Amino acid sequence: MLNRLRRLSPKTLKADLSAGLTTALVAIPDGIASAILAGLNPIHGLYALMIGTPIAAMLASSQFMYVANTGALAIGTGGALEGYSGEDKVAALVVLVLLAGLIQLGLGLLKLGGLVRFVANAVLIGFMTGVAVRIILSQLGELNGYHAEGSNAMMRTLDWLLHLRHSDLASTALGLGTLALVFVLNRTRLAQLGMAIALVAATVLAALAGLNSVATLADTTLIPDGLPPLVVPQWEMVATLLPSAAGLAIIALVQGVGVSKTVPNPDGTYPNISRDFAAKGVANVASGMFAGMPVGGTMSETAVSLKAGARSRWAG
């Protein structure tokens, strides 16, 4: 970590600031969305970015890997916490993320990063495709304002299709318009900021047009002020949550390996996967202690950061 801090240079400061700002503008709304996807207060996604992300950045072997909330981890977290509500849900989140971090840290210290070479590419592609489908199905009701009912995602999707006539026109128009704006911006020079621009534009439009039927975060949850408080874990939940924590730990590690194995460091060498395991473990332990969601290596934000930094260096 000290060597990394020593490499800070005025010559690269512009590129670093550009990459950091661009990535933050993308990661913040993504963190909010991940928490909502997990059925949590959006603040828990932001806590993860505030605590887990900088710790992973300082400790990881990979100098470019961005560690943050991911869709796969959000779905896994939501499934693990499905039987909890209220304060018990937050308490379970703390223990779940702590356990996942300890498992990751243990695997890293035991230098077991090489085990991921046995994971087939077809498995990863199938897994990520399933995650994408699950995310889309879970957010259909948020898109058009009709919250479907059912015992699982497929049954809720069927209920949603059968009740399209109950859609809120303002919510549907705003949602589809936001998607269209992201799609268009992705084909321009503003591609890296497309999601952030679309989010701000849609929010401003809803406020100026007085679209009161469009649900906002304030309508569904309370966002507290100030820094995240330190939380004391309820260790009696360990036995119940340990299997889910192990699953989350593996998901986060496998996702991060995709970055570690494909994005070399500036000197041309590839990161030490076991050290990255340990770094994400420490990051998740810290995130859990402050009621943050689990974090893992994400290729999308890593790519955003790389492109933003490269553009800034070229322009300078």
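The following legends describe an overall view and several close-up views of a predicted protein model.

**Figure 1. Overall architecture of the predicted model.** The secondary structure of the protein consists of 14 helices and two strands. Its radius of gyration is 20 Å, close to the 20 Å that the globule rule gives for 316 residues, so the protein is as compact as a globular protein of that length. Along the principal axes, the C-alpha atoms occupy a box of roughly 60 × 55 × 45 Å. Buried residues make up 40% of the 316 residues. Among contacts with a separation of 6 or more, 79% join residues that lie 24 or more positions apart. The accessible surface amounts to about 16800 Å², and carbon and sulfur atoms contribute 68% of this area.

**Figure 2. Packing of helix 9 against helix 10.** Helix 9 spans residues 169–185 and helix 10 spans residues 194–208. The two helices pack at an angle of about 150°, and their axes are 9 Å apart. The crossing of helix 9 with helix 10 is right-handed. On the side of helix 9, the contact is formed by L174, T178, L181, V182 and L185. Helix 10 contributes G194, M195, I197, A198, A201, A202, L205 and A206. By class, this contact comprises 11 nonpolar and two polar residues, with no charged residues.

**Figure 3. Close-up of K111, a residue with positive phi.** K111 lies in the loop between helix 5 (86–109) and helix 6 (121–138). Although K111 is not a glycine, its phi is positive, at about 55°. The relative accessibility of K111 is 66%, above the 50% cut-off, and the residue therefore counts as exposed.

**Figure 4. Close-up of A291, a buried loop residue****.** A291 is situated in the loop between helix 13 (273–289) and strand 2 (296–298). Phi of A291 is near 60°, a positive value in a residue other than glycine. With a relative accessibility of 4%, A291 falls under the 20% cut-off and so counts as buried. Positive phi thus appears in this view at a buried residue, whereas K111 in the preceding view is exposed.

**Figure 5. Surroundings of L242 in helix 12****.** L242 belongs to helix 12, which covers residues 238–260. Its relative accessibility is 39%, so L242 counts as partly exposed. Leaving aside neighbours within four places in sequence, L242 is in contact with L99 and I103. The view also includes A100, which is 142 residues from L242 in sequence. Between L242 and A100, the C-alpha to C-alpha distance is 8.1 Å.

**Figure 6. Surroundings of Y84 in the loop between helix 4 and helix 5****.** Y84 is placed in the loop that lies between helix 4 (71–80) and helix 5. At 22% relative accessibility, Y84 counts as partly exposed, because the buried class requires a value under 20%. Not counting residues up to four places away in sequence, Y84 touches K89, A92, M237, T240 and L241. For reference across the model, R275 is 191 residues from Y84 along the chain. The C-alpha atoms of Y84 and R275 are separated by 34 Å.

Technical notes: Residues are numbered from 1 along each chain as its sequence is written. This is a predicted model: local features need pLDDT of at least 70, side-chain atom pairs count only at pLDDT 80 or more; totals for chains, interfaces and linings use all residues. Side-chain values use heavy atoms; hydrogens and water are left out. Axes are lines fitted to C-alpha atoms, for helices over the stretch in contact, and angles run from 0 to 180 degrees between N-to-C directions. Helices (H or I, at least four residues) and strands (E, at least two) are DSSP runs, numbered from the N terminus. A crossing is left-handed if the near helix is turned anticlockwise from the far one by less than a right angle, and right-handed if clockwise. Contact means heavy atoms within 4.5 Å. Ala, Val, Leu, Ile, Met, Phe, Trp, Tyr, Cys and Pro count as nonpolar, Asp, Glu, Lys and Arg as charged, and the others, Gly among them, as polar. Buried means under 20% relative accessible area, exposed over 50%, partly exposed in between (1.4 Å probe, protein chains only). The radius of gyration is taken over C-alpha atoms; the globule rule is 2.2 Å times the number of residues to the power 0.38. Accessible areas come from the Shrake-Rupley method with a 1.4 Å probe; for residues, only the protein chains shown count as cover.
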